[in-house]
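Okay, hi everyone, thanks for letting me go today. Let me put the model up on the screen, and then I'll talk you through it.

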Amino acid sequence: MPSEEFVDLRSDTVTLPTEEMLEAIRYAKLGDDVFREDPTVKALEELAAERMGKEAALLVASGTQANLVSLMTNAKRGELVILESESHIYWYEVGGVAAIAGLLPWTVKSQFGALDPADVEAAIRPKNIHFPEPALICVENTHNRHGGTIVRPEQLEAVGRVAKAHGLRLYMDGARVFNAAVALGMDVKEFTRHVDSLMFCLSKGLSCPVGSLVVGTAEFIEKARKNRKILGGGMRQAGVIAAPGIVALEKMVGRLADDHLNAKSLAEGLAKISGVKVDLQRVQTNMVLFNISNLGLTDDQFILKLKENGLLALMHGTNVVRMVTHYGIERKHIEVAIAAVQAVADDANRNS
Ligand code: TLP
């Protein structure tokens, strides 16, 4: 675990590389990847494309960069992109969709992160001199702001049908798509085959220090490579990033099931605490969201008191706390986490 002092459930991004990853970095064969001469990057990109059932893949610096490169590659400036209203692209990527990709975001609400095809259909406006051209639909899997919820293959397929009928592309922010696949016991290709392009992150549940992959057709990835370059994302001896990525794809996917079990135990433990409300329906992968509005503490007070009890978590919205399980978090840490929330809640309940 990253910190000896705290149980850190802020995000699965806090994971540190495994010993095997560090070894792989040490011995990686390197070259200049802008010249396409880094054999380790090439090997990772080939492996990623193969795992996702697509023609090609491109290593980029982060999930945010992956989404931005993909938006730029999938649509032209001035076009319209349909996004789920709680999506990471819309909420947490500094407005790059508008500021850099130059697209008009058009949001559609959903209950658990899966877009209703009828709502998507309704958001696609007819050809008209006043309207921007719709180009792209984005889905997110698992869905972060909805609590790590899974967008099932059949739900992707249904949105894909709408996209095809209107000549739009379908893109998946699959930052945690392996969590979805592992949770449903399916091959990840069951999800990816319904989208034209996607990205997934190495640096979340898969525990790599850095990196994400954009995946799609060979033609799409060629264009994406150029867009990565314009964003300053052309990396040189990037094999040091790719080497742990290969270890991650080979060794770290199956163990996500442990994170899901731990999240479930955490949620069940928290649900028993007076003043804490957990929506257990949303606990489908490695995230737990819970509401603390009955405790009479401000968000900042709650987070600070958790910290005093050895636990790190993030606010997810007013009165809503997020905890994320990941590599390095074991059963004993879940018990520490539940006890910490119990102690803070007991104290707050006594004083209310
Ligand atoms: N999410 C982070 C924070 O930005 C909130 C987290 O801790 O969950 N897509 C999705 C669905 C994500 O959850 C994230 C990161 C990204 C894209 C961006 O990835 P990075 O952080 O690598 O730019």
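Before we start, one bit of vocabulary: when I say "helix", I mean a DSSP run of H or I with at least four residues, and these runs are numbered from the N terminus. A residue belongs to the shell around the ligand if one of its heavy atoms lies within 4 Å of it. And keep in mind that this is a predicted model.

So, which helix gives the most to the shell around the ligand? That's helix 3, residues 63–74, which puts in three residues. Altogether, 15 residues surround the ligand, and the closest are S11, G63, T64, N144 and D173. If you sort the shell by character, you get two nonpolar, seven polar and six charged residues.

Now let's look at some contacts. The side chain of T64 has an N or O atom 2.6 Å from an oxygen atom of the ligand. For D173, a polar side-chain atom lies 2.7 Å from a nitrogen atom of the ligand. Then there's R176, with a polar side-chain atom 2.9 Å from a ligand oxygen. How much of the ligand does the protein bury? On its own the ligand exposes 510 Å², and the protein buries 82% of that. The space the ligand takes up is also the largest pocket.

Okay, zooming out. The chain has 14 helices and 13 strands. Its radius of gyration is 21 Å, and the globule rule gives 20 Å for 352 residues, which is close, so the chain is as compact as a globular protein of that length. Along the principal axes, the C-alpha atoms fill a box of roughly 60 × 55 × 35 Å.

Last, a couple of backbone oddities. Most residues other than glycine have a negative phi, and most peptide bonds are trans. But the bond from N141 to T142 is cis, with omega near 0°. You'll find T142 in the loop between strand 5 (134–140) and helix 7 (153–165). And R36, not a glycine, has a positive phi of about 60°. R36 sits in the loop between helix 1 (19–27) and helix 2 (39–52).

Conventions:
Residues numbered from 1 in each chain as written. Predicted model: local features only at pLDDT ≥ 70, side-chain atom pairs only at ≥ 80, totals over all residues. Heavy atoms only, no water. Polar contact = N/O pair within 3.5 Å; in protein donor to acceptor, adjacent residues only side chain to side chain. Areas by Shrake-Rupley, 256 points an atom, 1.4 Å probe, with all protein chains shown as cover. 1 Å grid on protein atoms, 1.4 Å probe; cavity = no way out; pocket = protein on both sides within 12 Å on 5 of 7 lines; lining within 4 Å. Sits in = over half its atoms within 2 Å of the grid points. Helix = DSSP H or I, 4+ residues; strand = E, 2+ residues; numbered from the N terminus. Nonpolar A, V, L, I, M, F, W, Y, C, P; charged D, E, K, R; others polar. Rg over C-alpha atoms; globule rule 2.2 N^0.38 Å.
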